[in-house]
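User: I would like to understand how the terms used for this protein are justified by the values behind them. Please set each value against its definition.

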Amino acid sequence: MEHNRETPAVSGKEEVDIEAVAGLRGDGSGVSSQDPAWKRFLRHIGPGFMVSLAYLDPGNLETDLQAGANHRYELLWVILIGLIFALIIQSLSANLGVVTGRHLAELCKSEYPVWVKICLWLLAEVAVIAADIPEVIGTAFAFNLLFNIPVWIGVLIAGSSTLLLLGLQRYGVRKLEFLVALLVFVMAACFFVEMSIVKPPAKEVLKGLFIPRLNGSSATADAIALLGALVMPHNLFLHSALVLSRDTPASVRGMNDACRFFLFESGIALFVALLVNIAIISVSGTVCNAGNLSPENAAKCGDLTLDSSSFLLKNVLGRSSAIVYGVALLASGQSSSITGTYAGQYIMQGFLDIKMKKWVRNLMTRSIAIVPSLVVSIIGGSSGAGRLIIIASMILSFELPFALIPLLKFSSSRNKMGQCNNSIYIVGFSWTLGFIIIGINVYFLSSKLIGWILHNSLPTYANVLVGITLFPLMLLYVAAVVYLTFRKDAVKFMSRRELQDIDDTEKAKVANEGGSEDDRVVQSN
C-alpha cells in the first residue's frame, strides 16, 4: 500500500524522507514472535560471519604474522581489545539497518549535499578497491604455493573464481552466507592444524592474551598496525545492508530481538575470528623464535610477508605445513573477496541508486579491483605485490573516518533512529571509541608516510615537493573530518516502528469508517 503523505513541518532545515524508508521496511511476514528464541536466532545467523571476514583477510594475516615474528605472543591482547571494539562498532551498523530499514550508503545519499555525497561515494569505492587488493594478491599467492601458478595468472584466476562464487546470489543471500561461513571454518581448521604442529606454550599464549605488554622498540608500532588493520570502512556499509535481508517485524519487540540476535551472532563470528588471529600469531611467534632457526630463516622472520611465510613454514615444518597454510590463505582470499565485492554492490546502489543487473555490477567492481593488482604483479612480481598490500592498508586507514563518522552520527541521532536511538551513555562511549580508532589509524598512516619521506632514496628537492603537496592535503583531510563530525542533521527519517504506527492508525481509521483502503484510494482518485 502506498500513502500520499504530506511532509510534516519541522524546525530548522529538517525534512522528513518517509517514502525512502517505507520502501525498504519489512512487514514481518514469515516471522512468528511465538517461535522459540533459538529458532528466531537461527534466522539471523549469516551477516556476522560475512563481516567477520574483514578481520581474517590476507592483509590482517600478514600483520599478524609479522607481529608474532617480532614479539612472540606479547601482542595478543591487542587483538582481543581490537575485536571487542569491532563488535561494538559492527553492532551499531547492524542496529542502524534494523531500525531505519535502510543501509548506511542510502542514508548518506539522503542526508548529505550532492558534492559531499559524491566525495563519500568515491572514497567508499576506493576503500573497496583497497580492501580487495590484499585479498586478490593473497589468493594469487595461494595459487602459486599450491599449484606453482605465476602470481599474475593467479590474480586473473582469483577475479574469475570470485565472480563464479558470487553467482550463488541467484539462489539467495543465505546460500552465499553459508559458503562464506564454511570458508571461515576451513581457514580456522587449517590454522589450528598449524598450531597443533608447532605446539606453542599455552601458558605464554594466555599470558599474552590477558596481560598488556609493549616490550621492544617496534612494539608500539606493531600494536597500532594490528589495531589499524581490524576495522574496515566497507564493512560498516556491508553489515547495515546484510541485516535487511531478514524480515524483521516493525514492532519494538521485533526490532529489539533482531538487534540482540545480530549482536549475539556477530559475537560468535568475531570470537571465531579471534581464535584464528590467536592461532596465526602463535604459529609465527613459535616458528620465528625457535632456538634452532637458521640465519636464512631468521632473516625471513625479520620481514615476514604472505609469500615468504609459506617458504618459512616449508623450511622449518615441512611441505605439508606449507600446503595447509596455502589452503588457509586461499580460503581467506576468496571469502574476503566475496564480501568486498558484495559491499561494492551496496555502496554503488545506495549512493547512486543505479539499477543494473547484479552480474554487471559484480564485473565492474571486480575489474576495477583487479587492474592495479595485475599491473603490479606483472611488473614487480611477488615483491611488488607484497608492497602493494602495505599501500592498500594505508589507504584503508585514511578512508576509515568517512564511513565511521556517518555511522556514529546516524546511530546516535533521534532524527534517524526515532524512539530506538541509543542512550546518552552508549552515544558517548561509541563516539569515544570511534575517535580512538580514528586516532590510531591516523597515527598509523602518518607514521608510515613520515617514515617513507625520511628513508626513501629520492633527492632532497623531491622530498620537499612531496611535503609541500601533502601538507595542504592533510589540512583538507582534517577539515573534512571536522565537517562530518559537527554538521547538523538536515534530514529526518521515520523509523520502521513509526511508519508501522502510521499504517496501523490509517487502517483503524478506514475500518471505523466502514470501508476498505482500496475503496478510499478509488474515491480519492
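User: What makes Arg-40, Arg-253, Asp-257 and Arg-260 a network?

Analyst: Arg-40, Arg-253, Asp-257 and Arg-260 are linked by salt bridges, a salt bridge being a side-chain nitrogen of Lys or Arg within 4 Å of a carboxyl oxygen of Asp or Glu. This is a predicted model, in which local features need pLDDT of at least 70 and side-chain atom pairs count only at pLDDT 80 or more, while totals for chains, interfaces and linings use all residues. Residues are numbered from 1 along each chain as its sequence is written, and side-chain values use heavy atoms, with hydrogens and water left out.

User: Why is the contact between Asp-257 and Arg-253 called a salt bridge?

Analyst: The N to O distance between the side chains of Asp-257 and Arg-253 is 3.6 Å, which is within the cut-off, so the pair qualifies. Both residues lie in helix H13, four residues apart, about one turn of the helix; helices here are DSSP runs (H or I, at least four residues), numbered from the N terminus.

User: Why is Asp-257 called buried or exposed, and how does Arg-253 count?

Analyst: Buried means under 20% relative accessible area, exposed over 50%, and partly exposed in between (1.4 Å probe, protein chains only). Asp-257 has 11%, so Asp-257 is buried, whereas Arg-253, at 46%, counts as partly exposed.

User: How do you know that Glu-111 and Lys-416 form a salt bridge, and what does the pair tie together?

Analyst: The closest N and O atoms of Glu-111 and Lys-416 are 2.9 Å apart, so the criterion is met. Glu-111 lies in helix H6 (residues 104–111) and Lys-416 in helix H19 (residues 414–417), so the salt bridge ties together parts that are 305 residues apart in sequence. Glu-111 and Lys-416 are both buried.

User: What makes Glu-177 and Arg-246 a link between distant parts of the chain?

Analyst: Glu-177 and Arg-246 form a salt bridge, with the closest N and O atoms 2.7 Å apart. Glu-177 belongs to helix H9 (residues 173–198), while Arg-246 is in the loop between helix H12 (233–242) and helix H13 (252–288), 69 residues apart. Both Glu-177 and Arg-246 are buried.

User: How many salt bridges does a search of the whole structure find?

Analyst: The search of the whole structure finds six salt bridges.

Methods. Helix = DSSP H or I, 4+ residues; strand = E, 2+ residues; numbered from the N terminus.
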